[in-house]
Amino acid sequence: MRIDIAAVGRLRKGPEAAMVADYLDRFARTGRSLGLPPVALHEVEDKRGGGMSAEAELLSRAIPPGAALVVMDERGEQPTSPDFAGRLAGYRDQARDLCFVIGGADGLDPSLRARADWQISLGRMVWPHMLVRVMLAEQLYRAATILAGSPYHRE
Ligand SMILES: C[S@@+](CC[C@H](N)C(=O)[O-])C[C@H]1O[C@@H](n2cnc3c(N)ncnc32)[C@H](O)[C@@H]1O
């Protein structure tokens, strides 16, 4: 199994980058004994102003063939953290690769959303894509702690 995040935009050094790195590092350490691999982050940038369709093309190249496509979108399903952890464990148990996709300022091209295996919403409000990276990284770490039975997550 591999886990990737494909995201539009380059995250410069700063608080969001530090938080993403910290949560992904914690995920890697907690996930090791659970059979969960470290997350690889792929940033894509369309410098030609081609909009969502050009971004979709770049994102598609970053999605490993055969990986379950998990699109982050405010219109998606709103799983609980234990649900999210359970689904993550399910993909691991099937040895299925997983790729999370986060759009840019204009959002994700409908063609990408249409072929998603799962659309996850972090609430119905729209968040800046850099914060979505932080929240996704935190939820991955939280999921690993839930699967490990550690007391980080409390209901
Ligand atoms: C600034 S938002 C783009 C919003 C855009 N207006 C749209 O209609 O999609 C950038 C990206 O962050 C992610 N995002 C923003 N809010 C989200 C939410 N509530 N839940 C899940 N993902 C979200 C999505 O991947 C989105 O494409």
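Here are three short exercises on the ligand shell of this predicted model.

**Exercise 1. Work out which residues and elements surround the ligand.**

Step 1: Start with the shell itself. It holds 19 residues, and M72, E74, G103, G107 and L122 come nearest to the ligand.

Step 2: Now look at the elements. Two or more shell residues come from each of β3 (68–77) and α5 (129–148). The largest share, three residues, belongs to β3.

Step 3: Sort the shell by chemistry. You get 10 nonpolar residues, six polar ones and three charged ones.

**Exercise 2. Find where L122 sits, and decide whether L122 is buried, partly exposed or exposed.**

Step 1: Place L122 on the chain. You'll find L122 in the loop between β5 (118–120) and α5.

Step 2: Count C-beta neighbours inside 10 Å. L122 has 17. Buried takes 20 or more, while exposed means 12 or fewer, so L122 with its 17 is partly exposed.

Step 3: Check the contacts, skipping neighbours within four places in sequence. That leaves W127, V132 and M135 touching L122 by the contact criterion.

**Exercise 3. Take the residues that UniProt lists as "binding site", and work out how exposed M125 is.**

Step 1: Read the record. The unreviewed UniProt entry puts this feature at G103, L122, G123, R124, M125, V126 and W127. Of these, G103 and L122 also turn up among the residues that come nearest to the ligand.

Step 2: Locate M125. Its place is in the loop between β5 and α5.

Step 3: Count again. M125 has 7 other C-beta atoms within 10 Å, so M125 is exposed.

Terms used
Residues numbered from 1 in each chain as written. Predicted model: local features only at pLDDT ≥ 70, side-chain atom pairs only at ≥ 80, totals over all residues. Near = placed C-beta within 6 Å. Helix = DSSP H or I, 4+ residues; strand = E, 2+ residues; numbered from the N terminus. Nonpolar A, V, L, I, M, F, W, Y, C, P; charged D, E, K, R; others polar. UniProt positions renumbered as here; feature names shortened; annotations may be inferred. Contact = placed C-beta atoms within 7 Å.
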